[in-house]
Amino acid sequence: MKTKFLQLKTFDDITLWNNLKDGDEKSFSMLFEKYYADLVSYGNSLFPYAEKVQDCVQDVFTDIWVYRNGLQSSVVVKAYLLSSVRKRIARLHERDRIFRKSTSTDTVAFLLEFSVEYDLIDDDTVTKEKVVYLNNLLNNLPARQKEALYLRYHQGLSVEQIAEMLDVNYQSANNLLHRGLLTLRKEWKSSFSLILFLFSTAC
C-alpha cells in the first residue's frame, strides 16, 4: 500500500489533470485513488450519511470524466475536488430538505469532530487531561471556524481557496482562521505549535 501511495505522489496533479482532459483513463484512476479517501472524509464532515457521501464523491469524478473536454487546465486539483464535493453535498441538503431551501453552500454545517490522540503527542508536559481539554476547545469552535481550520491545516488549502470554497471574500476567510486560532491560543496554555501540528493529524 505504501509503495502504491509513493507511486501516486510521483505524478504531479496538473499532469494527471491534463492527461485526464485528453482522455487518459489511467490518469483519471490515479487521481481518484489519490484523493478519494480525503474527499469522503471531508464529505462525512458535512453530511451524516456515509453511503450518500460516497455517492457524491463518485458522482463528482463521473462528471469530471464525462465533461473533461470542458475542464479548465489551470486548476488546483485538490481544491477543485473538495469544492466540487461541497457543492454537491449542498445540493443534496437542499434536495432532501434537511436545510432551508437555498442554492448557497453556506447552509452546509461542518459536522466533523476533531479527535486528537494522546499517543501522537511527544511532549511530557501534556497530560491526558490536557488532551481531553484540547479536544473540547477544538470541537467547541463555531462550525465555520472549525471548517476553515480543517481546510487550512488538514487539507493544506490557501486562504484564497478556502474563501472560494466557503463562498466568502478573502478577508472573511482570513477572519475565520484568525478568530479560531485566537480562541485556541487564548485558552491553550501549552505549546501553540503543537495545536497546528495536531490539526494536520487529527480527525
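**Exercise 1. Helix 2 against helix 3**

Which residues of helix 3 are met by Asp13, Leu16, Trp17, Asn19 and Leu20 in helix 2, and how are the two helices oriented to each other?

Solution. The structure is a predicted model.
- Step 1: On the side of helix 3, the partners are Ser27, Phe28, Met30, Leu31, Lys34 and Tyr35.
- Step 2: Sorted by class, the residues of this contact comprise seven nonpolar, two polar and two charged.
- Step 3: The axis of helix 2 (residues 13–21) comes within 8 Å of that of helix 3 (residues 25–44), and the crossing angle is roughly 135°.
- Step 4: Angles over 145 degrees count as roughly antiparallel and those from 65 to 115 as roughly perpendicular, with angles under 35 being roughly parallel and the rest oblique. Helix 2 and helix 3 are therefore oblique to each other.
- Step 5: The hand of their crossing is left-handed.

**Exercise 2. Helix 3 against helix 4**

At what angle do helix 3 and helix 4 pack, and is their crossing left-handed or right-handed?

Solution.
- Step 1: Helix 3 and helix 4 (residues 50–66) pack at about 150°, and 10 Å separates their axes.
- Step 2: The crossing of helix 3 with helix 4 is right-handed.
- Step 3: Helix 3 supplies Glu25, Phe28, Leu31, Phe32, Tyr36, Leu39, Val40, Gly43 and Asn44 to the contact, while helix 4 supplies Ala50, Val53, Gln54, Val57, Gln58, Phe61 and Trp65.
- Step 4: By class, the residues of this contact fall into eleven nonpolar, four polar and one charged.
- Step 5: Phe28 and Leu31 are among the helix 3 residues that touch helix 4; both also appear in the list for helix 2 with helix 3.

**Exercise 3. Two positions in space on helix 4 and helix 5**

How far apart in space, C-alpha to C-alpha, are Asp55 and Val40, and how far apart are Arg88 and Cys56?

Solution.
- Step 1: Asp55 belongs to helix 4. Its relative accessibility is 41%, between the limits of 20% and 50%, so Asp55 is partly exposed.
- Step 2: Asp55 is separated from Val40 by 15 residues in sequence and by 9.4 Å in space.
- Step 3: Arg88 is part of helix 5 (residues 77–95). With a relative accessible area of 16%, under the 20% limit, Arg88 is buried.
- Step 4: From Arg88 to Cys56 the sequence separation is 32 residues and the C-alpha distance is 6.5 Å.
- Step 5: Beyond four places in sequence, Arg88 touches Cys56, Asp59, Val60 and Asp63. With Asp63 there is also a side-chain polar contact, at 2.3 Å.

**Exercise 4. Helix 7, helix 8 and the loop between them**

What orientation does helix 7 have to helix 8, and is Gln155, in the loop between them, buried or exposed?

Solution.
- Step 1: The axes of helix 7 and helix 8 approach within 10 Å, crossing at roughly 135°. This makes helix 7 oblique to helix 8.
- Step 2: Helix 7 crosses helix 8 in a right-handed sense.
- Step 3: Arg144, Glu147, Ala148, Leu151 and Arg152 of helix 7 are in contact with Val159, Ile162, Met165 and Leu166 of helix 8. The residues of this contact are six nonpolar, no polar and three charged.
- Step 4: Gln155 sits in the loop that links helix 7 (143–154) and helix 8 (159–166). Its relative accessibility is 4%, so Gln155 is buried.
- Step 5: Leaving out residues up to four places away in sequence, Gln155 touches Asp38, Lys78, Leu82 and Tyr150. The side chains of Gln155 and Lys78 form a polar contact at 2.9 Å.

**Exercise 5. Asp167**

What is the phi of Asp167, and is this residue buried or exposed?

Solution.
- Step 1: Asp167 is located in the loop between helix 8 and helix 9 (170–187).
- Step 2: Although not a glycine, Asp167 has a positive phi, about 60°.
- Step 3: The relative accessible area of Asp167 is 54%, over the 50% limit, so the residue is exposed.

**Exercise 6. The chain as a whole**

How many helices and strands are there in the protein chain, and what share of its residues count as buried?

Solution.
- Step 1: The protein chain has ten helices and zero strands, and its pattern along the sequence is α-α-α-α-α-α-α-α-α-α.
- Step 2: Of its 203 residues, 43% are counted as buried.
- Step 3: Taking contacts between residues at least 6 apart in sequence, 64% join residues at least 24 apart.

Terms used. Residues numbered from 1 in each chain as written. Predicted model: local features only at pLDDT ≥ 70, side-chain atom pairs only at ≥ 80, totals over all residues. Heavy atoms only, no water. Axes fitted to C-alpha atoms, helices over the stretch in contact; angles between N-to-C directions. Helix = DSSP H or I, 4+ residues; strand = E, 2+ residues; numbered from the N terminus. Left-handed = near helix turned anticlockwise from the far one by under 90°. Contact = heavy atoms within 4.5 Å. Nonpolar A, V, L, I, M, F, W, Y, C, P; charged D, E, K, R; others polar. Buried < 20%, exposed > 50% of the residue type's maximum accessible area, 1.4 Å probe, protein only. Polar contact = N/O pair within 3.5 Å; in protein donor to acceptor, adjacent residues only side chain to side chain.
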